[in-house]
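Reader: I have a model open and want to go through its fold with you. Can you take my questions as they come?

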Amino acid sequence: MTAVRRVAVIAAPPVSMFNLAIPELLLAKVEVDGGPGYETVVCTPVPGPVATTGGLDLHIPRGLDAVDGADTVILAGSGPIDAPDPRVVDVLRRVAADGKRIASICTGSFALAAAGLLDGRSATTYWAHRERLAARHPTVDLQDDVLFVQDGSLVTSSGYAAGIDLCLHLIRTDHGAAVANTVARLALVAPVRPGGQTQFTHTPLPPERGVSFAATRAWAMAHLDRPLTLTDLARHAGVSVRTLSRRFHAETAVSPLQWLLHQRVERARELLETTALPMDVLARESGLGTADSLRRHMLQRTGLTPSAYRVSFSRMTGKSKGEATSGAR
């Protein structure tokens, strides 16, 4: 049975209730081998009433000693960002020295920077405060236009809802794409979107800004193994190809074919992690056509060949994993 992973979420006042709710909302939905995948505890520098940015107080009974038993520490966005609580900064340094994974949502990156943990490393933060962070901590390699960035054991996300993408990324890293996508469906949020990791640098899909083509996108997701064309998508949506292209881009900020390619590569990654399918079959199932096409797109999107990706991220063990990698390209 898979061991339960322990997560400590730090709430430094005044804390954003939205940021604080994201880890509990998503991690609590993870089920592995019939049991919970995570045990999550919220902690704060001074247990008791904790002020929020919304003017309410939350009662948090656990102090920062809760991080001692955690595998991962998540810092929710909070303030004052220019003067992070020194007790939180000290704890972050200690956690980092222990080699534990640390993640920040929104402006939580300011405390990581104050602890010196982001010096010379890639990171991101809420776009409205990017210049502020850059001015205060010029040695941080701040990334633009990404949902989240992972650099070693540190993961930082941009503002608000990007914390959802960060937590789904943590789930995917720990338990695989299938589990993460199940959680996304249960929470009624977008499937796992890559965010710009140091080792897998590429631009993620922007947040969707409309739902008029949601049914067509869902239909396409169910038929990724087919050679879908713009005409196929337009026919399903009941519009012309020209209208489809214009309105689809307005809703997703990418063209229909770019969106399809992204989803096919994501399907390929999930199949590489969870099945022993030969590469040519996997390429057909994901809609990428051939093993050569699969290899090319995996290299472009992840920096790894399909076989290397499978070796690194397969959720299978023993003989099945050996069979899965034996015919990989």
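Author: What follows is a short exchange about this structure.

Reader: What kind of model is it, and what cut-offs apply?

Author: It is a predicted model, where local features need pLDDT of at least 70 and side-chain atom pairs count only at pLDDT 80 or more, while totals for chains, interfaces and linings use all residues. Residues are numbered from 1 along each chain as its sequence is written, and side-chain values use heavy atoms, with hydrogens and water left out.

Reader: How many helices and strands?

Author: The protein chain has 14 helices and 12 strands. Helices (H or I, at least four residues) and strands (E, at least two) are DSSP runs, numbered from the N terminus.

Reader: What share is buried, and how much area is exposed?

Author: Of the 329 residues in the protein chain, 50% are buried. Buried means under 20% relative accessible area, exposed over 50%, and partly exposed in between (1.4 Å probe, protein chains only). The chain exposes about 14,700 Å², with carbon and sulfur atoms supplying 54% of that. Accessible areas come from the Shrake-Rupley method with a 1.4 Å probe, and for residues only the protein chains shown count as cover.

Reader: And what fraction of contacts join residues at least 24 apart?

Author: Among contacts between residues at least 6 apart in sequence, 63% do. Contact means heavy atoms within 4.5 Å.

Reader: Sheets next. What is the strand order in the six-stranded one?

Author: The order is 4-1-7-8-12-11, in an open sheet with mixed pairing. Strand 4 (38-43) and strand 11 are the edge strands, each pairing on one side only. Two strands pair if DSSP finds at least two bridges between them.

Reader: How far are neighbouring strands turned against each other?

Author: By 15° on average in this sheet, direction ignored. Axes are lines fitted to C-alpha atoms, for helices over the stretch in contact, and angles run from 0 to 180 degrees between N-to-C directions.

Reader: Which way do strands 1 and 7 pair, parallel or antiparallel?

Author: Parallel, over four bridges. Ile 10 stands opposite Leu 75 in strand 7. Four bridges also join strand 7 to strand 8, and those two run parallel. There, Ile 74 stands opposite Ala 103 in strand 8.

Reader: Which residues of strand 7 are buried?

Author: Thr 72 and Ile 74 on one side and Val 73 and Leu 75 on the other, so both faces are covered. In a regular strand, side chains alternate between the two faces of the sheet.

Reader: What about strand 11, at the edge?

Author: Strand 11 (residues 148-151) also has both faces covered: Phe 148 and Gln 150 are buried on one side, Val 149 and Asp 151 on the other. Strand 11 pairs with strand 12 (residues 154-157) in the antiparallel sense over four bridges. Asp 151 has Leu 154 as its bridge partner, and Val 149 has Thr 156.

Reader: What does the turn between them look like?

Author: The hairpin has two residues between the strands, and Gly 152 takes a positive phi near 65°.

Reader: Which helix lies across this sheet?

Author: Helix 5 (residues 162-175) lies across strands 1, 4, 7, 8, 11 and 12, running at about 150° to strand 12.

Reader: How many residues are in the largest nonpolar core?

Author: It has 34 residues, and Ile 74 and Leu 166 are among those with the most contacts inside it. Helix 5 gives the most to this core, with seven residues. A nonpolar core is a set of buried Ala, Val, Leu, Ile, Met, Phe, Trp, Tyr and Cys residues joined through side-chain atoms within 4.5 Å.

Reader: What does Ile 74 touch?

Author: Leaving out residues up to four places away in sequence, its contacts include Val 7, Val 9, Pro 23, Leu 27 and Leu 170. Apart from that core lies another, of 29 residues, among them Ala 12 and Ile 81.

Reader: Backbone oddities now. Which peptide bond is cis?

Author: The one from Pro 13 to Pro 14, with omega near -10°. Pro 14 lies in the loop between strand 1 and helix 1.

Reader: Where do non-glycine residues have a positive phi?

Author: Asp 33 has one of about 55°, and Ala 253 has one near 70°. Most residues other than glycine have a negative phi. Asp 33 is in the loop between strand 2 (31-32) and strand 3 (35-36), and Ala 253 is in the loop between helix 9 (241-252) and helix 10 (256-274).

Reader: How accessible are those two?

Author: Asp 33 is exposed, at 53% relative accessible area, while Ala 253 is partly exposed at 25%.
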